[in-house]
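Here is a short briefing to read alongside the structure. It goes through the chains one by one, then the places where parts meet.

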Amino acid sequence: MGPAASTSRISPRPATPVLSLARAIERLQTPDVFEAYSPLTGEPIFAVDLGAETRWPEEIALAVAREALCELPCPSVGLAQGLLAPAAEALMGEFDAVVASPPELELVADGVFAHPLAAQALAQLLRLSSGCSVHEGLVAESLVYATLQAGPEFATWLAARPDPKPRPRPDRPAVRIERVEGRVELWLDRPEKRNAFSAEMRDALCEGLALAVMDASIERVSLRGEGPVFCSGGDLDEFGTLPDPATAHAIRSTRHPARLLHALSPRVECVVQGSCVGAGVELPAFATRVVARPDASFRLPELGMGLVPGAGGTVSLPRRIGRQRTAWLALTGAAIDVETALSWRLVDAIAE
Amino acid sequence: MQLKPGTRIKSAVCATEMMVIQAPAGDADVRCGGAPMIGISDPKPERAIDPNLKAGSQIGKRYVDAAGTLELLCTKPGEGTLALGSAPLVLKEAKPLPASD
């Protein structure tokens with residue numbers, strides 16, 4: 001068991017050590033940097049103040065530092081406030097996340113210190129999939145997700161969760177399909193569960209999307225959620241019911257709405273409202289157009305469960321908002337409002 | 001009627017439209033609501049649905065015959081019973097998979 005397995009943020013954690021840029025570049029040259037910045041043997045986060053420094057490092061040092069940043073076994077966070085150091089511009093793109101103030105840095109660090117193994121895997125996954133096709137990225141995400149499903153942080157979250165209550169299964173499909181001529185509307189239809197994304201909903205959504213893939217006469221697909229919330233994320237009642245992580249990966253490789261959404265994306269519009277969580281953010285981001293109601297908000301909660309986004313979000317979000325903002329959302333678990341989502345291009349329009 | 005994968009057919013007596021996923025070789029007597037199904041752009045005959053053959057179909061679902069030689073995907077739902085000859089087609093559910101969380 002690593003030092004990792006704690007979901008509690010009540011116990012005080014050490015202050016996040018922040019290196020100056022010059023010191024960080026120096027540190028990245030040393031061969032022990034991987035041990036020094038690891039959730040197992042050192043610091044779980046590599047935080048660097050990108051301002052204040054005036055010296056320009058040697059080109060060779062900069063190149064080595066850039067490469068080491070990409071390989072670091074823990075998330076790297078750049079603090080970019082005020083005037084940036086000349087060398088900061090050259091390195092900024094390699095950080096896993098960039099923050100604008102010390103409090104924002106602590107927000108990211110809270111997530112990393114609480115779940116260092118998941119935070120590490122997330123940073124590595126986002127670095128890896130930034131060079132991948134959508135299909136490759138989905139495979140990588142599922143493999144990482146499976147790894148964490150077998151880890152201590154997820155086990156701790158599961159053990160602390162109240163037992164799910166058995167609920168009657170409604171006698172109607174989890175996704176309602178409506179068709180008018182060449183237009184199909186797919187309605188997530190479990191408003192009494194805030195459209196929690198269950199296996200039943202996964203299967204029903206895949207069925208509706210497969211119809212549109214097969215039938216080229218369907219020109220427009222509109223994905224919507226019944227009720228006040230588009231989708232509140234994975235169905236927590238089902239978490240921990242996986243047969244085993246290897247089989248769970250095989251299930252995601254067999255039937256995954258993200259793959260179908262991507263195949264259809266030029267034809268897909270998504271309308272979202274309320275608190276969009278996890279899959280409720282990740283799946284819409286595949287659509288070519290996302291329209292949000294003014295009350296919509298967006299967050300990725302998976303790190304808090306010792307996991308990474310697993311509905312395709314590590315593939316769809318970076319394509320809309322970039323790798324660093326995706327990492328910010330996943331590491332902080334914080335919600336962003338609809339205006340922020342629009343300015344980031346997570347959504348394309350706000351409409352009543 | 002000769003069917004091939006991808007062929008689109010419709011009911012002569014209700015709103016049902018289907019896409020052929022798999023078809024038997026040769027002529028297939030595919031019916032809906034008691035009447036032979038017709039090509040997607042054929043004119044609809046003036047004909048009423050058999051009131052005893054109104055099991056209906058659901059959009060996005062697949063329907064198969066007992067032998068598994070014919071498989072149709074419902075692209076538009078209707079009220080007629082789908083059949084190969086006089087044998088009703090049955091709903092084919094996707095293979096169940098558990099949650100992966």
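## Two chains, their folds and their contacts

With 101 residues, chain B would have a radius of gyration near 13 Å if it were a compact globule, and its value of 14 Å agrees with that. Please keep in mind that this is a predicted model. Chain A, with 352 residues, also agrees with the globule rule: the expected radius of gyration is near 20 Å, and chain A has 21 Å.

**Chain B on its own**

- Chain B has zero helices and 10 strands.
- Its pattern along the sequence is therefore easy to read, as β-β-β-β-β-β-β-β-β-β.
- The C-alpha trace of chain B spans about 50 × 30 × 25 Å along its principal axes.

**Chain A and its two domains**

- Chain A contains 15 helices and 13 strands.
- Measuring along the principal axes, the C-alpha trace of chain A covers about 65 × 40 × 35 Å.- Chain A is divided into domain 1, residues 18-114, and domain 2, residues 144-350.
- Taken over C-alpha atoms, the centres of domain 1 and domain 2 of chain A are separated by 32 Å.
- Where the two domains of chain A meet, nine residues of domain 1 are in contact with eight residues of domain 2.
- On the domain 1 side of this contact in chain A, strand S4 (97-99) and helix H5 (102-114) are the elements that give two or more residues.
- H5(A) provides the largest share of that side, with four residues.
- By class, the domain 1 side that touches domain 2 of chain A has seven nonpolar residues, one polar and one charged.

**Helix packing in chain A: H9 and H11**

- Two packed helices are described by the angle between their axes and the distance between the axes.
- Helix H9 (residues 199-214) of chain A packs against helix H11 (residues 257-264) of chain A at an angle of about 25 degrees, and their axes are 9 Å apart.
- Because angles under 35 degrees count as roughly parallel, H9(A) is roughly parallel to H11(A).
- The crossing of H9(A) with H11(A) is left-handed.
- H9(A) brings A:Arg202, A:Leu205, A:Cys206, A:Leu209, A:Ala210, A:Ala212 and A:Val213 to the contact, while H11(A) brings A:Pro257, A:Leu260, A:Leu261, A:Ala263 and A:Leu264.
- Sorted by class, the contact of H9(A) with H11(A) has 11 nonpolar residues, no polar ones and one charged.

**Helix packing in chain A: H6 and H13**

- Helix H6 (residues 116-129) of chain A and helix H13 (residues 313-321) of chain A pack at about 60 degrees, with 10 Å between their axes.
- H6(A) and H13(A) form a right-handed crossing.
- From H6(A), A:Leu125, A:Leu126 and A:Ser129 meet A:Thr314, A:Val315 and A:Pro318 of H13(A).
- The contact of H6(A) with H13(A) holds four nonpolar residues, two polar and no charged ones.

**Where chain B meets chain A**

- How many residues of chain B are in contact with chain A? There are 12 of them, and they touch 21 residues of chain A.
- Strand S7 (residues 71-76) of chain B gives the largest share of the chain B side, three residues.
- The side of chain B that touches chain A is made up of seven nonpolar, three polar and two charged residues.

Terms used. Residues numbered from 1 in each chain as written. Chains lettered and ligands numbered in written order. Predicted model: local features only at pLDDT ≥ 70, side-chain atom pairs only at ≥ 80, totals over all residues. Contact = placed C-beta atoms within 7 Å. Nonpolar A, V, L, I, M, F, W, Y, C, P; charged D, E, K, R; others polar. Domains from an automatic or database assignment. Axes fitted to C-alpha atoms, helices over the stretch in contact; angles between N-to-C directions. Parallel < 35°, antiparallel > 145°, perpendicular 65-115°, else oblique. Left-handed = near helix turned anticlockwise from the far one by under 90°. Rg over C-alpha atoms; globule rule 2.2 N^0.38 Å.
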